[in-house]
Amino acid sequence: TVCETKTEKVITASTEENVQPFKQKMETFLTRAKEQLSGEFENLDECKMKFKAAMVFYQYQPKGGIKPDEVDPKDFFFLWSPFCTDFKDIWKKEQQRIIKEKAQQVKRLQEQKRDVKKSKLDEKGLYLTQRDQESGGHGDEFCEECC
């Protein structure tokens, strides 16, 4: 590679005193770079295979007589980008609608609890609530039997 060639030129042009730290560091750098580059090429090959599998799964047919192996990802994703954007927008609106609906349900339930039905007057002229009537009590009065 170009980097290796330039490294060799510097090493051959340098004196013995200056060669060693540079040579060792560059050899380490070049070894790591080659490993990373080979890993990236493996990732690229894997992505290409997954892209082909996605085209087959979604039954994508390239236009203009292009072979499936020669399809550019931008041609495939050109169709999917608007769909994904629309789906995301509709999903957000639907989630907001569901949240609003649930909030309204909670509000209705709270209003029903607040709207305590009042009924007939008791012997002291106080309104009894539906809860008091069911329990047979008289609101906040102390029971003569208990106190």
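Okay, let's start with helix H3, and with a bit of arithmetic. H3 has 42 residues, and at 1.5 Å a residue it should span 62 Å. In this predicted model, the end C-alpha atoms of H3 are 60 Å apart, so the two numbers agree. Still, H3 has a kink of about 30° at leucine 79, and that spot comes shortly before a proline, proline 82.

Now hop over to helix H2, residues 16-57, and try the sum again. H2 also has 42 residues, and from its first C-alpha to its last it reaches 61 Å, close to the 62 Å expected at 1.5 Å a residue. And where does H2 bend? At phenylalanine 22, by about 25°.

Let me zoom out for a second. How many helices and strands does the protein chain have? There are 4 helices and 2 strands. Walk along the sequence and you get α-α-α-β-β-α. The chain has 147 residues, and 10% of them count as buried. Here's another number for the whole chain: take the contacts with a separation of 6 or more, and 11% of those come from residues 24 or more positions apart. The accessible surface is about 13700 Å², and carbon and sulfur atoms hold 57% of that.

So who is in that buried group? In H2, the buried residues are Val19, Met26, Leu30, Phe51 and Met55. What covers them? The cover includes H1 and H3.

Let's look at one contact on the H1 side. Threonine 7 sits in helix H1, which runs over residues 2-13. Is threonine 7 buried or exposed? It's buried, because its relative accessible area is 6%, and the cut-off for buried is under 20%. Leaving out residues up to four places away in sequence, threonine 7 touches Phe22, Met26 and Leu30. You've met those names already: Phe22 is where H2 bends, and Met26 and Leu30 are among the buried residues of H2.

Over on the H3 side, my pick is phenylalanine 76, which lies in H3, residues 73-114. Its relative accessibility is 3%, so phenylalanine 76 counts as buried. What does it touch, once we skip the neighbours within four places in sequence? The answer is Phe51, Ala54, Met55, Tyr58 and Tyr60. For a sense of distance, phenylalanine 76 and glutamine 61 are 15 residues apart in sequence, and their C-alpha atoms are 9.2 Å apart in space.

Phenylalanine 76 also belongs to the largest nonpolar core, 5 residues in all: Phe51, Met55, Tyr60, Val71 and Phe76. As a general point, nonpolar side chains in soluble globular proteins tend to be buried together.

Then there are the rings. The model has 10 aromatic pairs. Ring pairs join Phe51, Phe57, Tyr58, Tyr60, Phe76, Phe77, Trp80, Phe83, Phe87 and Trp91 into a cluster. Notice that Phe51, Tyr60 and Phe76 are part of this cluster and part of the core as well.

Last stop, the loop between H2 and H3, where we find glutamine 59. This residue comes just after H2 and has a positive phi of about 55°. Glutamine 59 does that although it is not a glycine. And is glutamine 59 buried or exposed? Exposed, because its relative accessibility is 65%, and the cut-off for exposed is over 50%.

To wrap up, keep two residues in mind as you turn the model around: phenylalanine 76, buried at 3%, and glutamine 59, exposed at 65%.

Definitions and conventions
Residues are numbered from 1 along each chain as its sequence is written. This is a predicted model: local features need pLDDT of at least 70, side-chain atom pairs count only at pLDDT 80 or more; totals for chains, interfaces and linings use all residues. Side-chain values use heavy atoms; hydrogens and water are left out. Buried means under 20% relative accessible area, exposed over 50%, partly exposed in between (1.4 Å probe, protein chains only). Contact means heavy atoms within 4.5 Å. Accessible areas come from the Shrake-Rupley method with a 1.4 Å probe; for residues, only the protein chains shown count as cover. Rings of Phe, Tyr and Trp (its six-membered ring) pair if their centres lie within 6.5 Å; planes under 30 degrees apart count as stacked, over 60 as edge-to-face and the rest as tilted. The expected span of a helix is 1.5 Å times one less than its number of residues. The bend at a residue is the angle between axes fitted to the seven residues ending there and the seven starting there. A nonpolar core is a set of buried Ala, Val, Leu, Ile, Met, Phe, Trp, Tyr and Cys residues joined through side-chain atoms within 4.5 Å.
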